[in-house]
Amino acid sequence: MIRTALLLFSLVSTLHADVTLDIEAFGKSLGGWDAKSKHACDYDLSGSSYRTYRPEITPTPDGGIFASVRIDHRRGWLASDDHAVLEVTIDKNGSIVSAQSNLALQGKTISSDVIRTGGNVGAGVPGVGAVVKVGADMTADLSSKLLREKIVEPGRVNFPSAVRHNYNLIFQAIRTASDLAPKQEEAKKPEEPVQGPVKPPTSAAKLEVPGAGEKTEIKK
């Protein structure tokens, strides 16, 4: 009962937040929510197979949202899948505040640092450039730590790139209150003026009618 109440509170809070994530658009960019009973997307990147699950979204106290996305590296029937979690914090203005990811490879966990747009790595880079740099720095951090583990399997080596791919698509799916506001109806076309009765032309010949007692001359 308590869990249900918390879930409803989270849903209502998210709906009333100033920013949200267009989950359908995010899924469409990955090929569609066609796997796992419409809860996941299957796709290939660089010759390897991956699966992304629907994001879990919770509101933040400042009116923003926190998105958590699970990503699997699908290694086939004879091997256990690898797993990753991508976490992105978005403020009420629709700007990414921070991002972090971790990989779980057969019992080994590799976590990136928390990369912030306002931190040292993102300082001095304005707007979208800062968001792109956060994704690049997070990927580089994961890749360097993965290299230390001497991992050579292509799908695993490319796993940080798959995480970054999801990060970029999440950024593109962010919607603010202004994006969700209903568009104003187009101004109606003014109605054409209704024309009055048609008047006879002023140049029409006058019709003469003889009065009472007058004879009409008949020309032979």
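By contact I mean heavy atoms within 4.5 Å. With that settled, here are my notes on a predicted model.

**Entry 1: the whole chain**

I began with the overall count and found six helices and 10 strands. Of the 220 residues in the chain, 34% are buried. I then looked up the accessible surface, which comes to about 15100 Å², and 56% of this area belongs to carbon and sulfur atoms. Next came the contacts with a separation of 6 or more: residues 24 or more positions apart account for 50% of them.

**Entry 2: His 39**

Where does His 39 lie? I found His 39 in the loop between α2 (23-29) and β2 (40-45). Is His 39 buried or exposed? Neither label fits, because its relative accessibility is 47% and buried requires under 20%, exposed over 50%. I therefore wrote His 39 down as partly exposed.

For its surroundings I set aside the neighbours within four places in sequence, and that left contacts to Trp 33, Thr 52, Tyr 53 and Arg 54. I also checked His 39 against Gly 27: they are 12 residues apart in sequence, and their C-alpha atoms are 9.3 Å apart in space.

**Entry 3: Arg 51**

I moved on to Arg 51, which sits in strand β3 (residues 48-53). Is this arginine, Arg 51, buried or exposed? At 11% relative accessibility, Arg 51 counts as buried, because the cut-off for buried is under 20%.

Which residue does the side chain of Arg 51 join through a polar contact of 2.6 Å? I found the side chain of Asp 42 there. Beyond four places in sequence, the contacts of Arg 51 include Ala 35, Lys 36, Ala 40, Cys 41 and Tyr 43. Arg 70, Ile 71, Asp 72 and Arg 74 are also among them.

**Entry 4: strand β5 and its partners**

I followed β5 next, which covers residues 65-74. Seven of its 10 residues are buried, so I noted the strand as mostly covered.

I looked up three pairings for this strand, listed here.

- With β3, β5 pairs in the antiparallel sense over four bridges; Ser 49 has Arg 74 in β5 as its bridge partner.
- With β4 (residues 56-59), β5 runs antiparallel and is joined by four bridges; Pro 59 is matched with Ile 65 in β5.
- With β6 (residues 82-90), β5 pairs in the antiparallel sense over nine bridges; Phe 66 has Thr 89 in β6 as its bridge partner.

How many residues lie between β4 and β5 in their hairpin? I counted five, and noted that Gly 63 in the turn has a positive phi of about 95°.

**Entry 5: helix α5 and the aromatic rings**

I checked the length of helix α5, which has 14 residues (159-172). At 1.5 Å a residue the helix should span 20 Å, and its end C-alpha atoms are 20 Å apart, so the two agree.

Which residues of α5 are buried? My list reads Phe 159, Pro 160, Ala 162, Val 163, Asn 166, Tyr 167, Leu 169 and Ile 170. A reminder for reading such a list: an α-helix has 3.6 residues a turn, so residues three or four places apart point the same way.

Last, I searched the whole structure for aromatic pairs and found three. One aromatic cluster is formed by Tyr 43, Tyr 50 and Phe 159. Phe 159 is thus in two of my lookups, as one of the buried residues of α5 and as a member of this cluster.

How values were computed:
Residues are numbered from 1 along each chain as its sequence is written. This is a predicted model: local features need pLDDT of at least 70, side-chain atom pairs count only at pLDDT 80 or more; totals for chains, interfaces and linings use all residues. Side-chain values use heavy atoms; hydrogens and water are left out. The expected span of a helix is 1.5 Å times one less than its number of residues. Buried means under 20% relative accessible area, exposed over 50%, partly exposed in between (1.4 Å probe, protein chains only). A polar contact is a pair of N or O atoms within 3.5 Å; within protein, one must be able to donate a hydrogen and the other to accept it, and residues adjacent in sequence count only if both atoms are side-chain atoms. Two strands pair if DSSP finds at least two bridges between them. Rings of Phe, Tyr and Trp (its six-membered ring) pair if their centres lie within 6.5 Å; planes under 30 degrees apart count as stacked, over 60 as edge-to-face and the rest as tilted. Accessible areas come from the Shrake-Rupley method with a 1.4 Å probe; for residues, only the protein chains shown count as cover.
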